[in-house]
Every structure is written in structure tokens, then in C-alpha cells.
Amino acid sequence: MLRYASKRVVLAILVALAVSFAAFLLLSVATDPASAIAGEGAEPEVIEHIREQLGLNRPLLVQYGSWLLHVFHGDFGTSYYWHQPVGMLILHHLPVTLTLALSAIFVTLIVAIPLGTIAALYPNSLIDRLSLGIAVSAQAMPSFWLALVLIILFGVMIPIFPISGDAHAWNYVLPAIVLGAHSVPAVMRLTRVGVMDVMASDYIRTARAKGFYGYRLLSRQVMRNALLPVVSVLSVQLGYKLGGSVVTETVFAMNGLGRFALQSIVGGDIPTVQMLVVLFAMTFIGLTLLADLLNAWLDPRIRLA
């Protein structure tokens with residue numbers, strides 16, 4: 001288990017470094033921050049002076065090495081657009097995205113697990129087909145389209161929920177539904193397969209012989225084992241929610257990291273965009289590593305290696 005964990009940690013670090021360099025390279029090629037800072041119609045001498053002042057005239061590898069060294073020392077740079085430390089800006093926007101991601105996971109749980117359980121208890125029935133149809137529909141709908149539909153229904157026609165901002169808990173209801181709907185199919189299918197496999201096992205027949213039926217059988221015997229793979233998938237889904245909230249936050253005008261990333265891209269703010277890309281990648285890599293280690297801990301073949 002220790003050898004497996006060490007290999008996974010080293011691989012995660014290498015992937016994180018590769019992602020950071022790829023993001024740095026692509027951002028440097030895609031935009032010229034000196035021109036964006038100088039503004040339209042700026043003189044070439046002014047643009048060149050800004051480029052020299054920011055160190056953008058140095059070789060790309062030197063720029064990347066300098067940036068990486070500063071990151072290791074906790075210095076994430078200064079925003080070209082907002083003229084504030086990038087770390088402070090990220091901490092300011094992080095609570096909104098984190099709250100939205102956790103709310104979306106909660107929506108996924110309360111929809112996917114009941115649907116998957118019911119579908120497993122009545123396989124190949126009308127309920128099973130209906131549950132699978134709901135899951136496929138949720139995965140097929142684009143996030144922006146679902147967001148606009150919910151805004152029209154519950155923000156305009158039936159004004160129940162606010163449709164913009166993040167000041168109150170009610171502001172998170174519609175965005176959480178939009179962001180959580182995409183994860184419903186994966187979690188529902190895993191729950192369905194897990195429950196069906198557990199229901200067909202020998203110890204469930206033994207539990208029934210001892211008098212366990214209905215809710216007692218599900219809660220004490222079936223769900224405890226059937227949901228183990230779901231926990232691993234949810235950790236990965238949380239990473240996706242944290243990094244994939246750009247569209248949802250933009251549509252609902254929420255002041256989180258997703259919308260902040262879009263504003264930074266439009267403004268040519270390379271230090272901020274670079275740090276956000278690395279943050280999203282590190283979050284996803286870290287949660288994926290956590291899921292791999294959890295699966296390894298639950299697998300006796302790896303745990304005893």
C-alpha cells in the first residue's frame with residue numbers, strides 16, 4: 001500500500017508540473033499582456049517598456065522557472081488587471097465557488113442515489129427505464145441551456161428564487177441544480193450497479209434468513225457496501241465542480257472563481273489566469289489521488305502489497 005501510494009503521489013506531482021508548464025506556455029502564446037495593459041492605440045515604445053518592466057522579454061523557460069520559484073515561496077504574483085496580489089483575489093472569490101460546489105454535490109446525492117436504488121430494486125421495469133431516462137436527459141442538457149430554462153421558470157414566470165448574485169443561501173439553489181445535474185447519471189449508474197451486485201451476494205441471502213427485510217436490509221446491509229464506489233466518484237466530481245463552474249457562475253452573475261477566471265482571461269491577466277489554471281488542476285489531481293488511495297485502501301490486494 002505504501003509503495004502504491006508513493007507512486008501515485010509522485011505521478012500527481014509530475015502531472016501538476018506538466019499542467020502548469022502547458023498552461024504557462026499556452027497563455028504566453030495566446031495573448032500579449034503588455035498590449036492588454038497598455039490599452040488600444042498605445043505606442044510601441046510604451047508596450048515595450050511595460051514588457052521589459054514585467055520581465056516578459058526574457059526567455060520563456062526563464063519566466064516559467066521564476067514563476068515556479070515564487071509559487072513555491074507562496075508568492076503568486078500581482079494581478080495585471082486588478083493590481084492586487086493574486087493570492088488575496090483567489091481567497092476573496094473561493095468561498096462562493098466552494099459553497100456552490102458542495103451544494104451541487106448535495107443536489108447530486110439527493111437525486112442520484114434514490115433513483116439508482118429504486119432502479120436496482122426493480123430492474124428492467126418501467127421505474128428503471130424512467131430513472132435511466134432522467135439520468136441520460138440530465139447528462140445531455142447543456143449547462144447554459146438548463147440555467148436559462150430555470151431562470152425563466154423560477155425567476156421570471158414563477159419568481160421563487162433569485163437569478164443573480166451570491167449574497168444569500170437562496171442564490172445558490174438554481175446554480176446548484178444546474179451544476180449538480182451533470183453528475184447525476186454517473187452516480188446513479190454506479191448506485192444502481194452497486195445495489196444490484198450487493199443484493200445478489202450470499203450474505204444478503206443470509207441477512208434475509210435472519211429476518212432483515214425492507215428498510216432495515218437496505219440501510220444496514222446493502223447501502224453501506226453499495227455506496228463505497230460512489231464515494232470515490234464524488235471526490236472526483238467535487239474537483240470537476242470546483243473547476244467547471246465558469247459557465248454557471250457567469251450565467252447567474254456569481255462572484256466566484258469561475259466568473260473571476262473568465263474576467264481575467266478577457267483582461268489578459270496572465271498571472272491570475274495561470275494561478276487559477278494551476279489551482280483548478282491541483283484540486284482535480286488532489287481529489288483524484290484521494291479517490292485512488294481510497295480505492296486502494298478498500299482493495300485488500302493493493303493494501304497488502
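Which helix of the chain has the lowest mean pLDDT, and which has the highest? Among the elements of the chain, the lowest value, 51, belongs to helix α16 (residues 300–303), while helix α8 (residues 173–181) has the highest, 92. Keep in mind that you're looking at a predicted model. For the chain, the mean pLDDT is 81, and 89% of the residues reach 70 or more.

## Spaces in the model

Let's start with the empty spaces. Here are three of them side by side.

| Space | Volume | Nonpolar lining residues | Polar lining residues | Charged lining residues |
|---|---|---|---|---|
| Largest pocket | about 520 Å³ | nine residues | nine residues | four residues |
| Second largest pocket | about 170 Å³ | 10 residues | one residue | no residues |
| Largest cavity | about 30 Å³ | six residues | two residues | no residues |

The largest pocket, with about 520 Å³ of space, has 22 residues along its lining. To find its centre on screen, look for Leu 54, Leu 56, Arg 58, Tyr 80 and Pro 271, the lining residues closest to that point. Helices α1, α3 (44–54), α4 and α15 (270–298) each give two or more residues to this lining. The largest share comes from α4, with four residues.

Now move on to the second largest pocket. Which elements supply at least two residues each of its lining? They are α1, α4 and α15. Its lining is made up of Ile 13, Ala 16, Leu 17, Ser 20, Trp 67, Leu 68, Val 71, Phe 72, Met 275, Val 278 and Met 282. Sorted by class, that's 10 nonpolar residues and one polar one, with no charged residue.

There's a cavity to find as well. Searching the whole structure turns up one cavity of 30 Å³ or more. Around it you'll see Ala 138, Met 141, Pro 142, Ser 143, Leu 146, Val 178, Ala 181 and His 182. Two elements, α7 (143–157) and α8, give two or more residues to this lining. You've already met α8: it's the element with the highest mean pLDDT.

## Rings that meet

Trp 67, one of the residues lining the second largest pocket, also takes part in some ring company. How many aromatic pairs does the structure hold? There are seven. Take Phe 24 and Trp 67: their ring centres are 6.3 Å apart and their planes sit at 40°, so this pair counts as tilted. The two partners come from distant parts of the chain, 43 residues apart, with Phe 24 in helix α1 (residues 2–30) and Trp 67 in helix α4 (residues 60–72). Are these two residues buried or exposed? Both Phe 24 and Trp 67 are buried. They also belong to one aromatic cluster, together with Phe 21 and Tyr 64.

## The nonpolar core

Next, have a look at the largest nonpolar core, which has 19 residues. Ala 112, Val 187, Met 188, Val 195, Leu 234 and Leu 238 are the ones with the most contacts inside this core. The elements giving two or more residues to the core are α5 (86–121), α9 (184–199), α11 (214–226) and α12 (228–243). Of these, α5 gives the largest share, six residues.

Helix α5 is also where you'll find Thr 97. Why does Thr 97 count as buried? Its relative accessible area is 1%, and buried means under 20%, so Thr 97 falls into that class. Thr 97 and Gly 258 are 161 residues apart along the chain, yet their C-alpha atoms are separated by 7.3 Å.

## Two residues with positive phi

Finally, a bit of backbone. Most residues other than glycine have a negative phi. Asn 124 isn't a glycine, but its phi is positive, at about 60°. You'll find Asn 124 in the loop between α5 and α6 (126–140). Asn 124 is exposed, with a relative accessible area of 58%.

Ala 253 isn't a glycine either, and it has a positive phi of about 50°. Its place is the loop between α13 (246–251) and α14 (257–266). With a relative accessible area of 27%, Ala 253 is partly exposed.

Terms used:
Residues numbered from 1 in each chain as written. Predicted model: local features only at pLDDT ≥ 70, side-chain atom pairs only at ≥ 80, totals over all residues. Heavy atoms only, no water. pLDDT = per-residue confidence, 0-100. Phe/Tyr/Trp six-rings, centres within 6.5 Å; stacked < 30°, edge-to-face > 60°. Buried < 20%, exposed > 50% of the residue type's maximum accessible area, 1.4 Å probe, protein only. 1 Å grid on protein atoms, 1.4 Å probe; cavity = no way out; pocket = protein on both sides within 12 Å on 5 of 7 lines; lining within 4 Å. Points joined across faces, edges and corners; volume = space filled by probe spheres on them. Nonpolar A, V, L, I, M, F, W, Y, C, P; charged D, E, K, R; others polar. Core = buried A, V, L, I, M, F, W, Y, C linked by side-chain atoms within 4.5 Å.
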